[in-house]
Amino acid sequence: MSKVAVVYWSGTGNTEAMAEAVAEGAKEKGAEVSTFTPDDFEAGKMDEFDAVAFGCPAMGDEVLEETIFEPMFDACKEKLKGKRIALFGSYGWGDGEWMRNWEESCKSEGAVLACGSVTCADAPDDEASAACRELGAALA
């Protein structure tokens, strides 16, 4: 059984709803899933999991949340090489630049993206929720 961590930050609840769907998808494929907020996750925990899903909405000028999520994620970068990960998040404006930049950052650190990232405008609809479950299944 694979062990999957779902680590997310959510300001409005949209990315939290996505995280719940990611966890459901991984559990449906038989994975042991642990869900964390950035306050409860640190780089040392990366070694405890076979795969990690990171979720963060677009903030400001299409960037990751800078005070809570990004510092935690930056600390995890040293553990990304060879690690299977997936990314997800919501946005309220823009064209997804924050996700493209985030994907490139992860690739440059040697992360293995298990599947395409999932984004949605505002709250996840049925299609976005299904895509999040598929993301979780891909990590399992």
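Glutamate 62 is tucked out of solvent's reach in this predicted model: the residue counts as buried, with a relative accessible area of 8%. Its place in the chain is the loop between strand 3 (51–55) and helix 2 (69–76). The backbone of glutamate 62 deserves a look too, since phi comes out near 55°, a positive value in a residue other than glycine. For context, most residues other than glycine have a negative phi. Aspartate 122 is another case, with a positive phi of about 60° although this residue is not a glycine. Aspartate 122 also sits in a loop, here the one between strand 6 (118–121) and helix 4 (126–139). On accessibility, aspartate 122 comes out as partly exposed, at 45% relative accessible area, while glutamate 62 is buried.

Another loop residue is glycine 11, found between strand 1 (3–8) and helix 1. Glycine 11 is exposed, with a relative accessible area of 54%. What separates glycine 11 from methionine 59, in sequence and in space? The two are 48 residues apart along the chain, yet their C-alpha atoms are 9.7 Å apart.

Next come the charges. A search of the whole structure turns up 4 salt bridges. One of them pairs aspartate 95 with arginine 100, at 3.1 Å from N to O. Aspartate 95 is exposed, with 54% relative accessible area, whereas arginine 100 is partly exposed at 42%. Another links aspartate 74 to lysine 77, with the closest N and O atoms 3.4 Å apart. Both ends of this pair fall in the partly exposed class: aspartate 74 has a relative accessibility of 36%, and lysine 77 has 22%.

Helix 3 (residues 97–108) holds both partners of a further bridge, glutamate 104 and lysine 107, which are 3 residues apart, or about one turn of the helix. Their closest N and O atoms lie 3.8 Å from each other; that still qualifies as a salt bridge because the cut-off is 4 Å. Glutamate 104 is partly exposed at 47% relative accessible area, and lysine 107 is likewise partly exposed, at 45%.

Charge also shows up without a partner. Glu16, Glu20, Glu24 and Glu28 form a negative surface patch. Glutamate 28 belongs to helix 1 (residues 14–28) and is exposed, with a relative accessible area of 61%. Patch members are, by construction, residues with no salt bridge, so these four glutamates are not part of the bridge count.

That leaves the cysteines. How many disulfides does the structure hold? The count is 0. Cysteine 76 is in no disulfide, and the nearest cysteine sulfur, belonging to cysteine 106, is 10 Å away. Cysteine 76 is also buried, with a relative accessible area of 0%. Why does cysteine 120 not pair up with cysteine 132? The sulfur of cysteine 132 is the closest one to that of cysteine 120, but the gap is 6.5 Å, too far for a bond. A disulfide would need the two sulfur atoms within 2.5 Å. Cysteine 120 is buried as well, at 8% relative accessible area.

Conventions:
Residues are numbered from 1 along each chain as its sequence is written. This is a predicted model: local features need pLDDT of at least 70, side-chain atom pairs count only at pLDDT 80 or more; totals for chains, interfaces and linings use all residues. Side-chain values use heavy atoms; hydrogens and water are left out. Buried means under 20% relative accessible area, exposed over 50%, partly exposed in between (1.4 Å probe, protein chains only). Patches are made of residues with over 30% relative accessible area and no salt bridge: like charges are joined within 9 Å, nonpolar side chains (Val, Leu, Ile, Met, Phe, Trp, Tyr) within 5 Å. Accessible areas come from the Shrake-Rupley method with a 1.4 Å probe; for residues, only the protein chains shown count as cover. A salt bridge is a side-chain nitrogen of Lys or Arg within 4 Å of a carboxyl oxygen of Asp or Glu. Lys and Arg count as positive and Asp and Glu as negative; His and the chain ends are not counted. The place of a charge is taken as NZ of Lys, CZ of Arg, CG of Asp or CD of Glu. Helices (H or I, at least four residues) and strands (E, at least two) are DSSP runs, numbered from the N terminus.
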